[in-house]
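Dear colleague,

Please find the structure below, handed over for your own study. A description of what was found in it follows.

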Amino acid sequence: MSSRGRVAVVGGSLGGLTAALLLRDIGFDVTVYERSVHAMEQRGAGLGFLPDASRYFTERCGVDIDAISTSTPVIRYLDRDGSVSHERDFRYHYSSWFTLYGILRDRFGTERYLTGQEATGFDQDDDSVRVRFSDGSTVEADLLVCADGVQSVLRRQLLPDSVRSYSGYVAWRGMVPESDLDAEVVARLGDAITYAFEANSHILVYPIPSPTGSVTPGERLINTVWYRNYREGGDLDDLMTDAQGHRHDPTLPPGAARPEHVAEMRAHAIARLPAVVAEAVVRCEDPFVQAVYDLGVERMAFGRACLIGDAAFVMRPHAAAGTAKAAANAWALADALERHASIPDALAAWEPEQLRIGRELVARTQRLGRASQVDGTWTAPTDDTLFRLRDEGP
Ligand SMILES: Cc1cc2nc3c(=O)[nH]c(=O)nc-3n(C[C@H](O)[C@H](O)[C@H](O)COP(=O)(O)OP(=O)(O)OC[C@H]3O[C@@H](n4cnc5c(N)ncnc54)[C@H](O)[C@@H]3O)c2cc1C
């Protein structure tokens, strides 16, 4: 098949790789430019795995969803004493960044997946886009897909006034092998997504694939995501600064949290969380922290360039929809490019629905964040609290 044009995808994580594969599938000549030098540092955290996120794997890779994800049939809320306050039948799937990245990266191959390539900006005219890199090189393409995440330099060039805002809380995250936990704890946490709420805070616990991708009970990891409030400024800065004085943002990676913060977090878990949940928290050897941000944009299409995934909208994780949104952006982009001969026309047609999805998600997850971290009004599972990408019902 002759090429339909050259595509430069900046950012080779889940959003960028999904877009790269979909555009290559419809005949574009696609190259991914990824800043990280190594095959990707550890980013193995668990993900709620929504249908839009699993679509490429099931439709194009022929993968059985149950082979790459864990699942649970029940949403369960626990009280402080460990008793069940609410239960609702609802099946969720979960996977991990590493499992999904490995499959997409293998499928795309390494020849056109270039690492150590840090984009610094771009310019365009009616006929092409030129992307600039930190080593002084440039590449020319017919379409630029900016999938460079929450700190996107390409977004900052396009929309300097669109800046992320800190939500007031972070997620303390951890993973512990089921085999390291007591059988009773695994029995209580392994068959449901478990929520526990306390004042101005809540935690979620669910099973995810092992680092080798095993989804077999007993070999999985138990993943914890605990939302805790830290004031912007000194409180947050202190948490996110490692023992060498380096301030991390937005992720304080495994091993970098200072011992006094880890000790405080574990003591709080034991004092305030249901015992089974606290056990999963304290048994995690290398907890890490992700600061939670909101970001919205007024535009996603700019002539021959577009923003997708977290480069465009970042929402609080309560809908577990970040990966699904990035994938939905990519599917719709491929669809628009199939329907329009001109790239700028395709992007202009693609943009309105993507903006709508992003705005809705930011608004819904802000509402959920306020209800759980500030007002204390999120106490039971409702349709609004379900993981999902779009607002139309469960
Ligand atoms: C606490 C927390 C929990 C979450 N839970 C879930 C969940 O359960 N389910 C879910 O679907 N989502 C979840 N998310 C969101 C999800 O992680 C993101 O939405 C998703 O990974 C976005 O993917 P992306 O490809 O757009 O961006 P990213 O994964 O951020 O990738 C951006 C890529 O661009 C590269 N890059 C950056 N700058 C440059 C540059 N200048 N040049 C070249 N490359 C560059 C980076 O190295 C990176 O590889 C969660 C997020 C948080 C913080």
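Two strands are said to pair if DSSP finds at least two bridges between them. With that in mind, please note that this is a predicted model, and that in strand β14 the bridge partner of Gly174 is Thr224.

**Overall form**

The secondary structure of the chain comes to 11 helices and 18 strands. Along the principal axes, the C-alpha atoms fill a box of roughly 65 × 45 × 35 Å. A compact globule of 394 residues would have a radius of gyration near 21 Å, and the chain agrees with this, having 21 Å. Of the 394 residues, 47% count as buried. Among the contacts with a separation of 6 or more, 71% are made by residues 24 or more positions apart.

**The two domains**

The chain is divided into domain 1 (6–37 + 115–164 + 295–385) and domain 2 (65–97 + 169–292). The C-alpha centres of domain 1 and domain 2 lie 28 Å apart. To the contact between them, domain 1 gives 12 residues and domain 2 gives 16 residues. On the side of domain 1 that touches domain 2, helix α11 (residues 343–375) supplies the largest share, three residues. By class, that side of domain 1 has seven nonpolar residues, four polar and one charged.

**The ligand**

Where does the ligand lie with respect to domain 1 and domain 2? Both domains give residues to the shell around the ligand, so it lies between them. There are 35 residues around the ligand, of which Gly11, Gly15, Gly149, Gly309 and Gly322 come nearest. Two or more residues of the shell come from each of α1 (14–25), β3 (46–48) and α10 (322–339). Helix α10 gives the most, with four residues. The shell has 17 nonpolar, 13 polar and five charged residues.

**Strand β14 and its partners**

Strand β14 (residues 221–229) is mostly covered, as seven of its nine residues are buried. Strand β11 (residues 165–177) pairs with β14 in the antiparallel sense over nine bridges; the bridge between Gly174 and Thr224 was mentioned at the start. Strand β13 (residues 201–208) also pairs with β14 in the antiparallel sense, over eight bridges. Here Ser201 has Arg228 of β14 as its bridge partner.

**Helix α2**

Which residues of helix α2 (residues 51–60) are buried? They are Asp52, Ala53, Ser54, Tyr56 and Phe57. The buried residues of α2 pack against α1, α3 (65–68), β5 (84–96), α4 (97–108) and α10. Helix α10 is thus named twice in this message, as it also gives residues to the shell around the ligand. After α2 comes Gly62, whose phi is positive, near 65°.

**Gly121**

Finally, Gly121 is found in strand β7 (residues 119–124). Is Gly121 buried or partly exposed? A residue counts as buried if 20 or more other C-beta atoms lie within 10 Å of its own, and as exposed if 12 or fewer do. Gly121 has 14 other C-beta atoms within 10 Å, so it is partly exposed. Leaving aside residues up to four places away in sequence, Gly121 touches Arg132, Val153 and Gln157. Gly121 and His246 are 125 residues apart in sequence, and their C-alpha atoms are 26 Å apart in space.

Yours faithfully

Definitions and conventions
Residues are numbered from 1 along each chain as its sequence is written. This is a predicted model: local features need pLDDT of at least 70, side-chain atom pairs count only at pLDDT 80 or more; totals for chains, interfaces and linings use all residues. A residue is near a molecule or strand if its C-beta atom, placed from the backbone, lies within 6 Å of it. Ala, Val, Leu, Ile, Met, Phe, Trp, Tyr, Cys and Pro count as nonpolar, Asp, Glu, Lys and Arg as charged, and the others, Gly among them, as polar. Domain bounds come from an automatic or database domain assignment. Two residues are in contact if their C-beta atoms, placed from the backbone, lie within 7 Å. The radius of gyration is taken over C-alpha atoms; the globule rule is 2.2 Å times the number of residues to the power 0.38.
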